[in-house]
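I open these notebook entries with the ring pairs, and go on to the core, the strands and the charged side chains.

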Amino acid sequence: MSEDRKILAVTDVGLAILESDPPKLRISASGTVGSTGWENAHLVPYRYFVAPLDGIWEFDFVAEDPSTELGIITTSTPTDIDARYVWDNYPQTSVKGVRVYSSTNNVVKMLDDNFVMGGSNDVMTLFQDAPKRDSSKRI
C-alpha cells in the first residue's frame, strides 16, 4: 500500500472564498513530484490548540508515493500535481493567509483586501496579482 509523503516542491498556492453561510475558504496548490505515479494529492491542515499569532495557517502538501509499494515501476520524470482543500467554517477573524509545505520548500499566500468578486454567485475569487485594466476602453 502506498504511503502519503510530502511532494517535492510547491510551485503555487491560490485562495478563494466560497459564498456560503458561513463562508468557506478554498485552498488550491500546485507543485511537482520527482517521478510518475503519485496519486491522491491533498492538503493536510496542521492542528492548533490556539490560532497562530501571525494569522498564517499551515498545511502539508502530500500524495501517495508509488515508490513505497513493491513491484511498482516509476520513471524519474518531474511531474506536476495539484490539490485542493475546502475549509468549512474557517475562522474568518484569525486567518490572514496560508503556508503550504513540501519536502523542499513552502509557499505563503495571504488574504488581503485587494480581491475582486467573481462573476458567479458561488465564489469570490482573489485576484491579488491581477493586472489593472482601464474599464473605459472597449476590448
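**Aromatic pairs**

I looked up the aromatic pairs and found six of them in the structure, where rings of Phe, Tyr and Trp (its six-membered ring) pair if their centres lie within 6.5 Å, and planes under 30 degrees apart count as stacked, over 60 as edge-to-face and the rest as tilted. One of these pairs is formed by Y48 and W57, with 5.1 Å from centre to centre and 75° between the planes, and it is edge-to-face.

Before going further I note that this is a predicted model, in which local features need pLDDT of at least 70 and side-chain atom pairs count only at pLDDT 80 or more, while totals for chains, interfaces and linings use all residues. I also note that residues are numbered from 1 along each chain as its sequence is written, and that side-chain values use heavy atoms, with hydrogens and water left out.

For burial I use relative accessible area, with buried meaning under 20%, exposed over 50% and partly exposed in between (1.4 Å probe, protein chains only). On that scale Y48 is partly exposed, with a relative accessible area of 29%, whereas W57 is buried, at 12%.

I then turned to F59 and W87, whose ring centres are 5.9 Å apart and whose planes stand at 75°, so this pair is edge-to-face. The pair links distant parts of the chain, since F59 is in strand β5 and W87 in strand β6, 28 residues apart; here strands (E, at least two residues) are DSSP runs, numbered from the N terminus. Both F59 and W87 are buried. Following the ring pairs onward, I find Y48, W57, F59, Y85, W87 and Y90 linked into a cluster.

**Nonpolar core**

Which residues have the most contacts inside the largest nonpolar core? The core has 23 residues, and those with the most contacts inside it are L25, I27, L43, F59, F61, W87 and V100; I take such a core as a set of buried Ala, Val, Leu, Ile, Met, Phe, Trp, Tyr and Cys residues joined through side-chain atoms within 4.5 Å. The elements that give two or more residues to this core are β2, β3, β5, β6 and β7.

I checked L43, which lies in strand β4 (residues 39-45) and counts as buried at 4% relative accessibility. Leaving aside neighbours within four places in sequence, L43 is in contact (heavy atoms within 4.5 Å) with residues including I27, A29, F59, F61, Y85 and V100. L43 and Y85 are 42 residues apart in sequence, yet their C-alpha atoms are 6.0 Å apart in space. For V100, not counting residues up to four places away in sequence, the residues touched include V10, V13, A29, L43, F59 and F61.

**The β2 and β3 hairpin**

Next I looked at strand β2 (residues 9-18), in which seven of the ten residues are buried, so the strand is largely enclosed by the rest of the structure. I see β2 paired with strand β3 (residues 24-33) in the antiparallel sense over nine bridges, where two strands pair if DSSP finds at least two bridges between them. The two strands β2 and β3 form a hairpin with five residues between them, and A9 stands opposite T32 in β3.

**Salt bridges**

How many salt bridges are there? I count five, taking a salt bridge as a side-chain nitrogen of Lys or Arg within 4 Å of a carboxyl oxygen of Asp or Glu.

The side chains of E3 and R5 meet in one at 3.6 Å, N to O, and R5 also forms a salt bridge with D65, the closest N and O atoms being 3.7 Å apart. The R5 and D65 pair links distant parts of the chain, with R5 in strand β1 (residues 3-6) and D65 in strand β5 (residues 56-65), 60 residues apart. I looked up the accessibility of each: E3 counts as partly exposed at 43%, R5 as partly exposed at 37%, and D65 as buried at 6%. E3, R5 and D65 are thus recorded here as a network of salt bridges.

The side chains of D88 and K24 also meet in a salt bridge, at 3.5 Å, N to O. This pair links distant parts of the chain too, as D88 is in the loop between β6 (79-87) and β7 (97-101) and K24 is in strand β3, 64 residues apart. D88 is partly exposed, with a relative accessible area of 47%, and K24 is partly exposed, with 30%.

Conventions:
Helices (H or I, at least four residues) and strands (E, at least two) are DSSP runs, numbered from the N terminus.
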